[in-house]
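Here are my notes from going through the model you sent round. I've kept them to charged pairs and one histidine, so have the structure open while you read.

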Amino acid sequence: RALARNLGGDEERWGLAGLLHDLDYEQTKDDPDQHTYTTVEWLRERGDVPDDILHAVHAHAGHAPLESDMDRAIYCADPTTGFIVACALMHPEKKISSLDDRFMKKRFKEKRFAAGADRDQMRSCEAIGFELDEFLRLSRDAMAGISNDLGL
C-alpha cells in the first residue's frame, strides 16, 4: 500500500496483491518451482480477482515477466519484508520502529544475515525509482504502521 501511495498506484489493488502473493506458501514451500501456480489456480477458480493482480502474484516468484510497477513492487518488497522482520528480531528492542537506517544497512551488507532475503531482488527497487536506503526506510515505516498486527 505504501508503495502504491508513492507510485500513484491503486492502494486497494496493490494491497490485495501483497496479501495474496504467498497464499500457497504452505503447499509449495518444499517445491518452490510450483510457488504461485496453486494460488493463481485458486484465484482464477474464484473468478473475481483481476488479471493484473494474478500476474503480479505470479511475477513475484519469477514465473511471469515483471511488466508493471505493481509487479516490480511486490517482487522487491517480498524479500525486503522478511529482511526487516529479521532485523527487528535481532535488534535489542525487538521492534520494527526501533530500526534505524544504519542498523538495516549494516545487516544488509552481512551476507549470512537473513540469507534468504535476496539482496539483488531487494536492490531491484531501483526499477521503480527508489534508492535502496530510501526503499528500506519506506518499507520499515510501512511495517511499523502495522507493527501491532505483526507482533513487532
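1. Start at helix α8, which spans residues 119–123. Asp 120 and Arg 123 both sit in this helix, three residues apart, or about one turn. Their side chains meet in a salt bridge, at 2.8 Å from N to O. Keep in mind that this is a predicted model, so the distances here are computed ones.

2. How exposed are the two partners? Asp 120 has 56% relative accessibility and counts as exposed, because the cut-off for that label is over 50%. Arg 123 comes in at 35%, so it counts as partly exposed.

3. The helix α8 pair has company: a search of the whole structure turns up 12 salt bridges. I'll go through some of them below.

4. Take Glu 26 and Lys 29, whose side chains form a salt bridge at 3.0 Å, N to O. Here the acid, Glu 26, is exposed at 53% relative accessibility. Lys 29 is partly exposed, with a relative accessible area of 41%.

5. Next, look at Asp 48 and Arg 46. Their side chains meet in a salt bridge too, with an N to O distance of 2.8 Å. In this pair the base, Arg 46, is exposed, with 58% relative accessibility. Asp 48 has 48%, so it is labelled partly exposed; the label "exposed" needs over 50%.

6. Which residues are linked in a network of salt bridges? They are Asp 101, Arg 137, Arg 140 and Asp 141. It's worth displaying these four side chains together on your screen.

7. Now the histidine. His 55 is placed in helix α5, which covers residues 51–60. Is His 55 buried, exposed or partly exposed? With 21% relative accessibility it counts as partly exposed, because buried means under 20%.

8. What does His 55 touch, once residues up to four places away in sequence are left out? The contacts are Ala 64, Pro 65, Glu 67 and Asp 71. Two acidic residues are on that list, Glu 67 and Asp 71, so don't read a salt bridge into it: as the term is used here, the nitrogen has to come from Lys or Arg.

9. One last distance for orientation. His 55 and Leu 99 are 44 residues apart in sequence. In space, their C-alpha atoms are 33 Å apart.

Note on methods. Residues numbered from 1 in each chain as written. Predicted model: local features only at pLDDT ≥ 70, side-chain atom pairs only at ≥ 80, totals over all residues. Heavy atoms only, no water. Helix = DSSP H or I, 4+ residues; strand = E, 2+ residues; numbered from the N terminus. Buried < 20%, exposed > 50% of the residue type's maximum accessible area, 1.4 Å probe, protein only. Contact = heavy atoms within 4.5 Å. Salt bridge = Lys/Arg side-chain N within 4 Å of Asp/Glu carboxyl O.
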